[in-house]
Amino acid sequence: MQKEFLFSGFGGQGVMFAGQLLAYAAMDEGLEVTWIPSYGPEMRGGTAHCFVVISDKPIGSPVTRHPQVAVVFNNPSFTKYEGEVAPGGLLAVNSSLINQESRRTDISVLPVPATQLADSLGDLRMANVVMLGAVLEVFPALPPAAIHRALEAHLPERRRHLLEANYKALEKGAEFARSMVKSA
Amino acid sequence: MTKELLKGNVAIAEAAVRAGLEAYFGYPITPQTELLEYLSQRMTELDRVFLQAESEVAAINMVYGAACTGARVMTSSSSPGVSLMQEGMSYIAGSELPCVIVDVMRGGPGLGNILPSQADYFQVTRSAGHGDFHPIVLAPASVQEAINFVGLAFDLADKYRHMVLLVADGQIGQMMEPAELPPMRPLQKNVPDWALTGAKAREKRVITSLYLKGEEEEAFNLKIQKKLKQIKKNEQRSVEYATQDAELLVIGFGTAGRIAYSAVEAAREKGLRVGLLRPQTLWPFPERRISELADQASGCLVVEMNAGQMVEDVRLAIGGQIPVTFYGRTGGIVPMPDEILAAIEESYSRLQIAV
């Protein structure tokens, strides 16, 4: 089974890291994985994105036109990728910064006030990890424990003091997604 | 050994270090700059030579000089930078010096852009400098294969006293994949017996590409041609997927070959008898195997990230036996699997398959 993720947002919102964290976790679980960033002539204030493909078989193309999951962190990313999510797929929206609503009826939409939730944990920069926690709750490509292990194994030394905060951010996102699913 | 999540450019750099790279000369250019950046730290750490030259022209001539001393030496660049290196590359070929040159290809012609491309196929296989020669050209399709080919590149360079090009594209350079690095090889203890080491207490050695007399130049050319013939006989490499009963043979190298794999898999799921051959060496081109497969297939589709370059080699290998069609994207656009699948379905529908 191949699973394709797109993470997109402003430079600085941690979309590359969110994708890498997922890629590390997939690798540690013994799966095949590719992570590929946008690296074109990017503008300040423009969008940055990365693709992650996870599979139990060798991966051909590391990019795909219609990913199963798109995680968008800002308005330009929403505009660009809302229409691209594969039918039956998931569009996860950082509703703290995105004021648009999807009109698509053939996909699941998960609005997460990720920036506010991260702020409530005391660190705005954790919005990316909050989003990842929420996404994996709804689209369980990997168990949360795998993400914990990946953080522990691959978070650089200078960031290790943020380990606990990352766990909390993951759980905050997951908890929010659970509450959404319940109320739906 | 365990797998690590490695970016293509960084993986190539570390693989070179582990293959016993003694000296690196280069000049930054996207999309291969991480390779140079990584080596600037790593080579210094190991007390080996790293030098950022003032230009690609200088870098390749430093490679030339260092190779004369028998050192394991490498440079890397991207398309416009490789164009600048062509004069030096020809001198290196004309002096029969081993070295490895990495080209992480980008969109062109001209300054073009920094997106992934395969438009340097002609340049690397045909016109890697003036005069009559071909470098050995290796084309990986994944981070792991890039790592494996770095070791192979140095070994082939030494074996044939010849230049080896490793050609990737921006996508392979920028992508991260789990891959395993080989153990660190010890640095070579003895330099080869042709190297310039200072002629103290021995006959002097001469490394040159200058032969003023026609007869001498021709004799030297015949020597190179003999070597290239050996390489052509020994070093053709390719991998295949589902070619056993394939009616349509898809051929693509590097990133295009890898994406074609996804398309061929999808075509098989639809019940089409389609197979993939991915050349791993662009020179020597795997013509023997392609010719064999042309005996059993009814048609061939070539997929490239250029306007159609390798397709000429495919046509030469197939020699008119079966129809050859082409699908390509240019300008740094990477084709999506669904476009290649559409091209497969179109080529397949035109085949006259005997039932």
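**Group meeting: a walk through chain B**

Okay, let's start with one alanine. B:Ala242 comes out as partly exposed, because 16 other C-beta atoms sit within 10 Å, and partly exposed is what we call anything between the exposed limit of 12 or fewer and the buried limit of 20 or more. Bear in mind that this is a predicted model. B:Ala242 is in the loop between β9 (238-241) and β10 (248-251) of chain B, and its phi is positive, about 55°, although it is not a glycine.

Why bring that up? Most residues other than glycine have a negative phi. B:Ala201 is another one to look at: its phi is positive too, about 60°, and again it is not a glycine. You'll find B:Ala201 in the loop between β8 and α8 of chain B. So is B:Ala201 buried or exposed? Exposed, because it has 5 C-beta neighbours inside 10 Å.

While we're on backbone oddities, most peptide bonds are trans. The one from B:Gly108 to B:Pro109 is cis, with omega near 5°, and B:Pro109 is in the loop between β5 and α5 of chain B. The bond from B:Trp283 to B:Pro284 is cis as well, with omega near 0°; B:Pro284 belongs to the loop between β12 (281-283) and α10 (287-296) of chain B.

Now a helix, α4 of chain B. It has 16 residues, 79-94, so at 1.5 Å a residue we expect a span of 22 Å, and the end C-alpha atoms are indeed 22 Å apart. Still, α4(B) has a kink of about 50°, centred on B:Met85. B:Met85 is buried, and so are other residues of α4(B), including B:Val82, B:Met89 and B:Ile92. What do the buried residues of α4(B) pack against? In chain B, that's α3 (56-68), β4 (73-77), β5 (99-105), α5 (121-125) and β7 (163-169). Right after the helix comes B:Glu96, with a positive phi near 50°.

Zooming out, the domain assignment splits chain B into domain 1 (4-192 + 205-234) and domain 2 (238-349). Their centres, over C-alpha atoms, are 27 Å apart. Where they touch, 28 residues of domain 1 meet 22 of domain 2. On the domain 1 side, α5(B) gives the largest share, four residues, and by class that side has 17 nonpolar, eight polar and three charged residues.

Last, the contact between the chains: 20 residues from chain B and 17 from chain A. On chain B's side, α9(B) contributes the largest share, five residues, and the classes there are 12 nonpolar, three polar and five charged.

Terms used:
Residues are numbered from 1 along each chain as its sequence is written. Chains are lettered from A and ligands numbered from 1 in the order in which they are written. This is a predicted model: local features need pLDDT of at least 70, side-chain atom pairs count only at pLDDT 80 or more; totals for chains, interfaces and linings use all residues. Helices (H or I, at least four residues) and strands (E, at least two) are DSSP runs, numbered from the N terminus. The expected span of a helix is 1.5 Å times one less than its number of residues. The bend at a residue is the angle between axes fitted to the seven residues ending there and the seven starting there. Two residues are in contact if their C-beta atoms, placed from the backbone, lie within 7 Å. Ala, Val, Leu, Ile, Met, Phe, Trp, Tyr, Cys and Pro count as nonpolar, Asp, Glu, Lys and Arg as charged, and the others, Gly among them, as polar. Domain bounds come from an automatic or database domain assignment.
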